[in-house]
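Good morning, and thank you for joining this short presentation. Please take a moment to look at the structure on the screen before I begin.

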Amino acid sequence: MPDVKRIALVSKDFFTRSDERLCIEAKGYDLIYHEDVERALELLLSSPPDLLIIQKGLDKGLDKEVIIALKKNLQLALMPIILIVSERDLMAGLEWKYYPVDDLINGQATIEELLTRIELAISRSKRVADNNPLTKLPGNSSILKSIQNMLDNRLPHAVCYVDIDNFKPYNDKYGFSRGDEVIRMVARILVNVVQEKAGRQGFVGHVGGDDFIFHVPMDVVESTCQDVIKNFSALIPLFLDEEDLEAGFFVSLDRKGKEQKFPLTSLSIAVVPCPPGRFNHYGEVASCAAGLKKKVKSLEGSNFLIDRRKS
């Protein structure tokens, strides 16, 4: 099946005619149209599109708040945003620090020009982003770049490697659809907790499968891990059958294809503190985490383990 891109259009005055919207959909895009900015923000956060087109000046500056909220969101910061402006805006100029958008278009432009802007924005996002298609979180290239930037700038952060325990047997028993829901649930928890604890100083990435990485300032890493595990423990029962919850385990196939009892799905976090000067390269961080990940996964239930070694 072709990859249908979802586009959100938030506007009251521009590109809102039915024929214009039909032209966008005729190009193969799934268009979601909103006039109400507050309602649009709720939907943008709950079901993120691939691209946002928003009109400047909506509802006494709410458009600006929406743009800033999206760019500060760890999961949605890379989503392209096209700002619709008037001739007057173009003449007066814009304060770009208040409008961190990726492109702009004159509201009087033709629908053909808007389609060109859309295609360029989506092509650009493909080149610069490696987001995981399931969670929309940054992928491996962005993860490595973020860790290396943190090391180069000598930021006192801790890198945390997150793994969902017994995820393969969970998938085998409950099916890939429910497995995907668990992965999305973990992604939402990580984004929400890291956002709350570290704001823009934090980073969350999805390595792939059931493996995630986040890094936060060292002074909040312990409370961040505690909240991640607390939230996961509260939500994971929703993804398990009642009989398995009562039994305290589930039965699935091991790697040799034999039935076996597995502990209920849990979360393991290996934490590598990175004070300035301890590491010079992200590969050193990953190497340090390797043994730590095995140790924390050997513990019962959900846990985090911090590397306390001095060097």
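I shall speak about strands and then about salt bridges. Please keep in mind that the model before you is a predicted one.

Let me begin with strand β3, which spans residues 51-55. Is this strand mostly covered or mostly uncovered? Strand β3 is mostly covered, since five of its five residues are buried. If we look at the two sides in turn, Leu51, Ile53 and Gln55 lie on one side of β3, and Leu52 and Ile54 lie on the other. Every one of these residues is buried, and both faces of the strand are thus covered.

Which strands pair with β3? One of them is strand β1, residues 6-10, which runs parallel to β3 and is joined to β3 by four bridges. Within this pairing, Val10 stands opposite Ile54. Ile54 is itself among the buried residues that I have just named.

Strand β4, residues 81-85, also pairs with β3. This pairing is again in the parallel sense, over four bridges. Here the bridge partner of Leu52 is Ile81 in β4. Please also follow the chain through helix α3, residues 62-72. Together, β3, α3 and β4 make a β-α-β unit, and this unit is right-handed.

I turn now to a hairpin elsewhere in the chain. Strand β9 covers residues 249-253, and strand β10 covers residues 259-263. In which sense do β9 and β10 pair, and over how many bridges? They pair in the antiparallel sense, over five bridges. Leu253 stands opposite Glu259 in β10. Between the two strands of the hairpin there are five residues. In this hairpin Gly257 takes a positive phi, near 85°.

The remaining part of my talk concerns salt bridges. How many salt bridges does the count give? The count comes to 17 salt bridges. I shall show several examples.

The first example to consider is Glu42 with Arg39, where the closest N and O atoms are 3.0 Å apart. Both residues belong to helix α2, residues 37-46, and because they are three residues apart there, about one helical turn separates them. Glu42 is partly exposed, at 49% relative accessibility. Arg39 is partly exposed as well, with a relative accessible area of 43%.

Another example joins Lys168 to Asp172, with the closest N and O atoms 3.1 Å apart. This pair lies in helix α7, residues 167-174, where the two residues are four residues apart, about one turn of the helix. Lys168 counts as partly exposed at 40% relative accessibility, and Asp172 counts as partly exposed at 39%.

A further salt bridge brings together the side chains of Asp241 and Arg178, at 3.3 Å from N to O. Asp241 lies in the loop between α9 and α10, whereas Arg178 lies in helix α8, residues 176-198, so this pair ties together parts that are 63 residues apart in sequence. The relative accessibility of Asp241 is 28%, which counts as partly exposed. For Arg178 the relative accessible area is 29%, and this residue is partly exposed too.

Finally, I would draw your attention to Arg17, Asp19 and Glu20, which are linked in a network of salt bridges. Thank you for your attention.

How values were computed:
Residues numbered from 1 in each chain as written. Predicted model: local features only at pLDDT ≥ 70, side-chain atom pairs only at ≥ 80, totals over all residues. Heavy atoms only, no water. Pairing = 2+ DSSP bridges. Buried < 20%, exposed > 50% of the residue type's maximum accessible area, 1.4 Å probe, protein only. Right-handed = clockwise from strand over helix to strand, strands pointing away. Salt bridge = Lys/Arg side-chain N within 4 Å of Asp/Glu carboxyl O.
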